[in-house]
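Student: Please take one part of this structure and go through it closely. I would like to see how the residues there relate to one another and to the rest of the chain.

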Amino acid sequence: MTVAATTQPEATKQSHPGYFRIVRQGTPEQYSSKLVAERDFPKGSVIAQLEGLTPGPKAYSSVQISKTEHIELNSDLLYMNHSCDPSVCMDIDKRAITALKDLRTGDELTFFYPSTEWDMAQPFDCWCGSSQCIKRVMGARHLPTETLQKFCLAKHIEELVAERQ
């Protein structure tokens, strides 16, 4: 069964109009959403600055920004899905989302959740389909160093990996 994708309702204000948008799809029982580029971004370009961040507890919707701190994104960036073949890097130190490859209009913006998360609040099974899929997303703590070295990692994750060695 094919489910038609719908875009963000006009009543909902986009946080970064012209850069990316939320695509909502599915049914009430099997709802899903994703964030897609509204324009082309060359590899290495900054897609968005991480601004308006709110400190908070570790949660399914938070992003880890240090060994002990988490924030909420408070923007459409919340809708970035995980992928084991990510299209963007969440650069915590520079407070920016950068393109890991050339992105075209309509491409999904995804990042590797263990790149910022040491231990996920809500682990889940990955269905990204990548040849390098880790199968179960639980956080960097649960992955071999060799696997993590393939990804853009936040400084605090690199430090935690070094500490466990």
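Tutor: What follows is a walk through the largest pocket, then the aromatic pairs and the salt bridges.

The model is a predicted one. The largest pocket holds about 1000 Å³ of space. Of the 41 residues that line it, Met80, Asn81, His82, Tyr113 and Phe124 are the closest to its centre. Two or more lining residues come from each of these elements: strand S3 (31-37), strand S6 (62-64), S8, strand S11 (110-111) and strand S12 (124-125). S3 gives the most, with four residues. By kind, the lining residues divide into 19 nonpolar, 13 polar and nine charged.

Start with Met80, which sits in the loop between strand S7 (70-72) and strand S8 (81-82). Its relative accessible area is 2%, under the limit of 20%, so Met80 counts as buried. Apart from its neighbours within four places in sequence, Met80 is in contact with Leu35, Val88, Met90, Ile97, Leu109, Phe111 and Tyr113. Take Tyr113 from that list: Met80 and Tyr113 are 33 residues apart along the chain, and their C-alpha atoms are separated by 9.7 Å.

Now to the aromatic rings. A pair of such rings is described by the distance of the centres and the angle of the planes. The structure has four aromatic pairs. In one of them, the ring centres of Phe112 and Phe151 are 3.6 Å apart and the planes lie at 0 degrees, so this pair is stacked. Phe112 belongs to the loop between S11 and S12, while Phe151 belongs to the loop between helix H1 (145-148) and helix H2 (155-164), so the pair ties together parts that are 39 residues apart in sequence. Phe112 and Phe151 are both buried.

Tyr113 and Phe124 form another kind of pair, edge-to-face, with 5.8 Å from centre to centre and 75 degrees between the planes. This pair links Tyr113, in the loop between S11 and S12, with Phe124 in strand S12, eleven residues apart. Tyr113 is buried, at a relative accessible area of 17%, whereas Phe124 counts as partly exposed at 26%. Together with Phe111, Tyr113 and Phe124 form one aromatic cluster. Phe111 and Tyr113 are also among the contacts of Met80, and Tyr113 and Phe124 are among the residues closest to the centre of the largest pocket.

The last topic is charge. Side chains of opposite charge can pair when their charged atoms come close. There are seven salt bridges in the structure. One of them joins Asp125 and Arg136, with the closest N and O atoms 3.1 Å apart. Asp125 is in strand S12 and Arg136 in strand S13 (residues 136-137), eleven residues apart. Arg136 is partly exposed, with a relative accessible area of 35%.

Lys67 takes part in two of the bridges described here. With Glu163 the N to O distance is 2.3 Å. Lys67 lies in the loop between S6 and S7 and Glu163 in helix H2, so this bridge ties together parts that are 96 residues apart in sequence. With Glu159, the closest N and O atoms are 4.0 Å apart. Glu159 is also in helix H2, so that bridge ties together parts 92 residues apart in sequence. Through shared partners, Lys67, Glu159 and Glu163 are joined into one network. Within this network, Lys67 is partly exposed at 38%, Glu159 is partly exposed at 33%, and Glu163 is exposed at 52%.

Key
Residues are numbered from 1 along each chain as its sequence is written. This is a predicted model: local features need pLDDT of at least 70, side-chain atom pairs count only at pLDDT 80 or more; totals for chains, interfaces and linings use all residues. Side-chain values use heavy atoms; hydrogens and water are left out. Buried means under 20% relative accessible area, exposed over 50%, partly exposed in between (1.4 Å probe, protein chains only). Contact means heavy atoms within 4.5 Å. On a 1 Å grid over the protein atoms alone, a cavity is a set of points where a 1.4 Å probe fits but cannot get out, and a pocket is an open set with protein on both sides within 12 Å along at least five of seven lines; lining residues have an atom within 4 Å of a point. Grid points are joined across faces, edges and corners, and a volume is the space filled by probe spheres set on the points. Ala, Val, Leu, Ile, Met, Phe, Trp, Tyr, Cys and Pro count as nonpolar, Asp, Glu, Lys and Arg as charged, and the others, Gly among them, as polar. Rings of Phe, Tyr and Trp (its six-membered ring) pair if their centres lie within 6.5 Å; planes under 30 degrees apart count as stacked, over 60 as edge-to-face and the rest as tilted. A salt bridge is a side-chain nitrogen of Lys or Arg within 4 Å of a carboxyl oxygen of Asp or Glu.
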